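Dear colleague,

I am passing on the structure we spoke about, with the sequence and the coordinates placed just below. Please look through it first, and then read the notes that come after.

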Amino acid sequence: MKYFFLFFMFTGSFVSDVLSQSPYLPFNRDYYSLLERYEIKNGAFNEFFHTGSKPYRRDEVVQFLEKYKQTAGYLSSKDEFNLNYLLQDNWEYASDTMALSKLSLGKHIYNRPSDFYGYKNKDFDVHLNPVLYLQGGAEIDSDQMPFRNTRGLAIHGSIDNKIGFYTMLATTDLLFPSWVNDYVGSHGAIPGQGFWKRYGDRGYSFFSARGHITFSATGHVNIQMGHDSHFIGEGLRSFILSDFSNPFVFVKVNTKIGKVNFTNLWGQMTADIITSRGVPTDGRYPQKWFSFHRLGVNLGKRFNLGVFESVMADKANWNYFNPLIFYRWVEHQLGTPDKVMLGTDMKWNLGKGMQLYGQFVLDEFVFDEFFHITESGSSRNKHGVQLGYKYIDVAGIDNLDFQLEYNQARPFTFQEKFVLYQLQHSTYPPKRS
C-alpha cells in the first residue's frame, strides 16, 4: 500500500507543473447545506462540481457562488449574508475584492473576517484559525448536563498555487445525552471518532487529527491524499459511504470531464477498537482495506445518476487498485472472499426550490428470492433503500427549508464474516466486521 501512495506523489511532482490547485473544504453539514441550497434554488446543476461526492474544492465552490450571485436576481438579506460569508471564507479564490476586517491587528492578524492569521503571495498561501466549540444543555429526567468543549487549530493553504494542503488538530472533552451515551456504551465506539478515553465518570475525551494534500494531475484529474472522512450522496445519511465512522487514510482520484464525474477512492480503515472493561486499550487494532469507484453523470441540467461499486477486504490486494476494473469480477477470480457492494444514487431537481434524491445499495443478489419467485427464508439479497425530498423556501417564505428522508436496510446488509481477533486475544470475544 505504501508504494501505491508513493506512486501518486511521484506522479504529481511531474504532472502538476502548470495547474492551479485548491485544498478541499472540510465536510460540515450546516456549511454544505448552504451550498446545496443555492444549487436547488437555481434549479439547474452547477457546472463546477457534483454535489453527490463530498467534500468539494474551495476554488470550485467560489466559482459556483460568484456565478450564482450574478445570475440569481433578487436575494433576501439572509441569503446575501450567507453568500458573502461563504465567499469570505474562501476569499483567496474570489475574483471580487472582499471586504477587509474592521478589527485587524497589523497586516496579517485578523486582516480578513474569516482568518485569525492570513498571508498570501504568488508563492505561498496560508490561513490559520483557532478551533473552539463550546456547547451545553440539559436533559429531562437526568441529573447530568450534556456538554462539549473542543479546542484546536486549523490550517489550510497552497504552495506555488499547485499543491493544496489542510490540517486540523483538536482535543475534545464531552458528556453525551443519554441516548448517545447508551449507543457508545453498547458499541464501545464514539460516532465519527476512533480511540477515546474516559473523562470523569460518564464523559469521554479524544484527540482529533485530519489533513490532506492535493494536486491536479491534468486539467480534469485531481488527486487527493490524506486522513479524513468522505460522504457520498445528498441525504442526511448515506448507504454508500458516510462520515459516521472515524477518519481513515486514503488516496482519491477525481476525474471530471463535462457532465461526467468519476471518483476513485482507496483507503485503509480500522475495523474495530480493542477494549478492556469497555475502554479502548493498547494493541495492534485490526485493519480493513477499502476500494471504491463511482461514476456520476448529469443527464440534462436537472437529473443526475450515479452508479458505484465498493469492496471491503481484510488485507490489501493489488487486484483492487485497478481504477476501471469491475470489482465483482475480481472477487470471483479470488474465490469471493471479500465484501463487494454495488448500487446507484440519483438526484432530480424538480424545479427551482425542490429536489428528489435517493440511493439503492445491493450486497447479495439472488434473482428468484429477490422477486419472491421462491420463498426460502434466506437472509441473502441484503440491500438498502433511501428516498428523500428537499423543499427550499417553503411556500415562498425566505429561508424556510424542509427535508424529509426515508431509509431502510435489510438485516446484515453492512456485516461481513471476517474474524478480527485471533485466539491469542481470547480475553476479548471474537467480533465480526
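The notes below go from the chain as a whole to its salt bridges, then to two acidic residues, and then to the surface.

Please keep in mind throughout that this is a predicted model. The secondary structure of the protein chain comes to 7 helices and 20 strands, and of its 433 residues, 46% are buried. When contacts between residues at least 6 apart in sequence are considered, 57% of them join residues that are at least 24 apart. The chain has an accessible surface of about 22,600 Å², and carbon and sulfur atoms account for 59% of that surface.

Salt bridges

The count of salt bridges in the model comes to 20. One of them is formed by the side chains of D401 and R37, with a distance of 2.7 Å from N to O. This pair links distant parts of the chain, since D401 sits in the loop between β19 (383-391) and β20 (402-409), while R37 belongs to helix α2 (residues 29-42), and the two are 364 residues apart. The two partners can also be described by their accessibility: D401 counts as partly exposed because its relative accessibility is 38%, whereas R37, with a relative accessible area of 3%, is buried.

Another salt bridge joins K41 to D393, and here the closest N and O atoms are 2.7 Å apart. This pair, too, links distant parts of the chain, with K41 in helix α2 and D393 in the loop between β19 and β20, at a separation of 352 residues. D393 has a relative accessibility of 11%, and therefore counts as buried. It is worth reading these two pairs together, as R37, K41, D79, D393 and D401 are linked in a network of salt bridges.

A further salt bridge is found between R328 and E331, whose closest N and O atoms are 2.3 Å apart. These two residues both lie in helix α6 (residues 327-333), and because they are 3 residues apart there, about one helical turn separates them. R328 is partly exposed, at 29% relative accessibility, while E331 is buried, at a relative accessible area of 2%.

Two buried acidic residues in helix α3

Which side chain of opposite charge is nearest to E60, a residue that is buried yet has no salt bridge? The nearest one is R57, and it is 4.0 Å away from E60. E60 is placed in helix α3 (residues 58-71), and when its neighbours within four places in sequence are left aside, E60 is in contact with F48 and F49.

Helix α3 also holds E66, which is likewise buried and without a salt bridge, its nearest side chain of opposite charge being K69, at 8.3 Å. Again leaving aside neighbours within four places in sequence, the contacts of E66 are with L87, A94, S95 and D96.

Patches on the surface

Four residues, namely K259, K301, R302 and K352, gather on the surface in a patch of positive charge. Of these, K301 can be placed in the loop between β15 (287-298) and β16 (303-313), and K301 counts as exposed because its relative accessibility is 63%, which is over the 50% cut-off used for that word. The loop between β15 and β16 also contains L299, a residue that is partly exposed at a relative accessible area of 47%. Although L299 and V260 are 39 residues apart along the chain, their C-alpha atoms are separated by 9.3 Å.

There is also a nonpolar patch on the surface, formed by F124, I159, I163 and I213, which together have about 290 Å² of accessible area. Within this patch, I159 lies in strand β5 (residues 147-159) and counts as partly exposed, given its relative accessibility of 39%.

If you have time for a few places in the model, I would suggest viewing the network that includes R37 and D401, then E60 and its contacts with F48 and F49, and then the positive patch that includes K301.

With best wishes

Notes
Residues numbered from 1 in each chain as written. Predicted model: local features only at pLDDT ≥ 70, side-chain atom pairs only at ≥ 80, totals over all residues. Heavy atoms only, no water. Patch = residues over 30% accessible without salt bridge, like charges linked within 9 Å, V, L, I, M, F, W, Y side chains within 5 Å. Areas by Shrake-Rupley, 256 points an atom, 1.4 Å probe, with all protein chains shown as cover. Lys, Arg positive; Asp, Glu negative; His and termini not counted. Charge placed at Lys NZ, Arg CZ, Asp CG, Glu CD. Helix = DSSP H or I, 4+ residues; strand = E, 2+ residues; numbered from the N terminus. Buried < 20%, exposed > 50% of the residue type's maximum accessible area, 1.4 Å probe, protein only. Contact = heavy atoms within 4.5 Å.
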